[in-house]
Amino acid sequence: MRVRTVLSTALLLLGIAAAPAAADSSPSASPSGDSAAPTQAGTSFRTATEIEQGQQATASGSTGDYLYWSFPADAGQRPTVKATVKLPEASTRHAGQTWQLDVYDGLRRRQACQYGAQTRTAAQDTASVELACTMRTVRSWSETWANDPLPGTYYVRLTVTGLQASDLGLPVGAEVKVDSKDIGGAAAVDGSLAKPLVPGIATSAGKSDSGSGSSTAVLSSIEPDDGWASGWWSDRWVWTAIGGILAALAGIGGYALTRGSGRPSRVPPGA
């Protein structure tokens with residue numbers, strides 16, 4: 001009976017632990033307000049158009065332009081960037097086109113894609129081309145020599161890399177959307193950044209305590225819905241606590257199985 005009780009309690013605790021783990025593996029919710037999604041793109045890192053995760057941004061441009069967007073990504077997230085390029089009319093093109101999607105972090109280091117069609121070539125009669133890049137999981141801390149993704153702003157660059165010179169300048173349309181999957185405690189590491197890697201490309205004038213003029217860096221205006229470093233809590237804490245409880249229950253169960261039933265009643269106390 002005692003063993004059965006111990007096993008039942010252990011199964012109950014495992015079920016409780018599985019709930020937050022399943023929640024962490026679900027895709028992050030898309031924010032409302034897609035109607036306010038940007039309808040243009042920047043032409044450089046400094047002028048990249050800011051978008052929130054879950055928004056579908058659109059832009060119009062010319063073949064040969066560099067189109068830039070930026071978005072926030074926090075620790076524990078695995079962002080997936082998807083882009084659709086609507087190509088010019090087939091009758092106006094002279095050959096196929098090769099398009100490429102690149103993602104850079106806040107230090108403008110190009111990030112590798114775990115999977116996804118980052119580069120695709122469209123035939124002359126193709127109406128559109130779809131690109132995708134699923135990044136590695138964003139870490140809360142990394143060695144200075146590593147190229148790991150860190151919390152902060154990420155840049156998306158969309159451009160054509162192969163086409164005939166006669167096709168330069170033809171009008172194109174682009175759609176870009178970023179979604180993230182919350183990996184949870186599986187990607188947790190010890191350590192964190194003092195500040196997220198966000199751009200400070202502008203300054204605002206102000207006055208210091210002494211009355212003299214001063215300037216303050218204006219950081220990126222976009223950030224996760226619940227603030228930066230929102231992933232300090234993860235299911236790793238839950239599994240650690242459950243592991244300790246299970247170890248204690250295993251010790252109690254082992255003691256109950258091995259201690260026996262005590263001294264038989266037929267044996268006198270002094271024997």
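What follows is a short tutorial chat about reading the strands, sheets and a few residues of a predicted model.

Me: Let's start wide. How many helices and strands does the protein have, and what pattern do they follow along the sequence?

Reply: Keep in mind that this is a predicted model. The secondary structure comes to two helices and twelve strands. Along the sequence the pattern reads α-β-β-β-β-β-β-β-β-β-β-β-β-α.

Me: What share of the residues is buried?

Reply: Of the 271 residues, 37% count as buried. The protein exposes about 15300 Å², with carbon and sulfur atoms supplying 55% of that. Take contacts between residues at least 6 apart in sequence: 71% of them join residues at least 24 apart.

Me: On to the sheets. How do I read strand order, and which strands stand at the edges of the sheet that holds β5?

Reply: The general idea is that strands of a sheet pair through backbone hydrogen bonds, either parallel or antiparallel. Here, β5 belongs to an open sheet of five strands in the order β1-β3-β9-β5-β7, with mixed pairing. The edges are β1 (49–50) and β7, each with a single partner strand, so one side of each has no neighbour in the sheet.

Me: Where does the parallel sense show up?

Reply: Look at β1 and β3 (residues 67–73), which pair that way over two bridges. T49 has W69 as its bridge partner in β3.

Me: And which strands does β5 pair with?

Reply: On one hand, β5 and β7 (residues 119–122) run antiparallel and are joined by four bridges; Q97 stands opposite A122 there. On the other, seven bridges join β5 to β9 (residues 152–162), again antiparallel. In that pairing D102 has R157 as its bridge partner.

Me: Is β5 buried or exposed, and why does it matter which way its side chains point?

Reply: Count residue by residue, with under 20% relative accessible area as the mark of a buried one. Eight of the eight residues of β5 (residues 97–104) are buried, so the strand is largely enclosed by the rest of the structure. Then split the strand by direction: Q97, W99, L101 and V103 point one way, T98, Q100, D102 and Y104 the other, and all of them are buried. That is how both faces come into the picture.

Me: What comes in the loop after β5 that I should look at?

Reply: Try R108, in the loop between β5 and β6 (113–115). As a rule, most residues other than glycine have a negative phi. R108 has a phi near 65 degrees, a positive value in a residue other than glycine. With a relative accessible area of 41%, R108 is partly exposed.

Me: Which sheet does β6 belong to?

Reply: An open sheet of five strands in the order β2-β10-β4-β8-β6, with antiparallel pairing. Its edge strands are β2 (56–62) and β6, each pairing on one side only. Neighbouring strands there are turned by 30 degrees against each other on average, ignoring direction. Two bridges join β6 to β8, and C113 stands opposite M135 in β8.

Me: Last one: what surrounds T134?

Reply: T134 lies in β8 (residues 128–135) and counts as buried at 5% relative accessibility. Leaving aside neighbours within four places in sequence, T134 is in contact with R78, P79, T80, C113, Q114 and Y115. With T80, the side chains also share a polar contact of 3.1 Å.

Note on methods. Residues are numbered from 1 along each chain as its sequence is written. This is a predicted model: local features need pLDDT of at least 70, side-chain atom pairs count only at pLDDT 80 or more; totals for chains, interfaces and linings use all residues. Side-chain values use heavy atoms; hydrogens and water are left out. Buried means under 20% relative accessible area, exposed over 50%, partly exposed in between (1.4 Å probe, protein chains only). Two strands pair if DSSP finds at least two bridges between them. A polar contact is a pair of N or O atoms within 3.5 Å; within protein, one must be able to donate a hydrogen and the other to accept it, and residues adjacent in sequence count only if both atoms are side-chain atoms. Contact means heavy atoms within 4.5 Å. Accessible areas come from the Shrake-Rupley method with a 1.4 Å probe; for residues, only the protein chains shown count as cover. Axes are lines fitted to C-alpha atoms, for helices over the stretch in contact, and angles run from 0 to 180 degrees between N-to-C directions.
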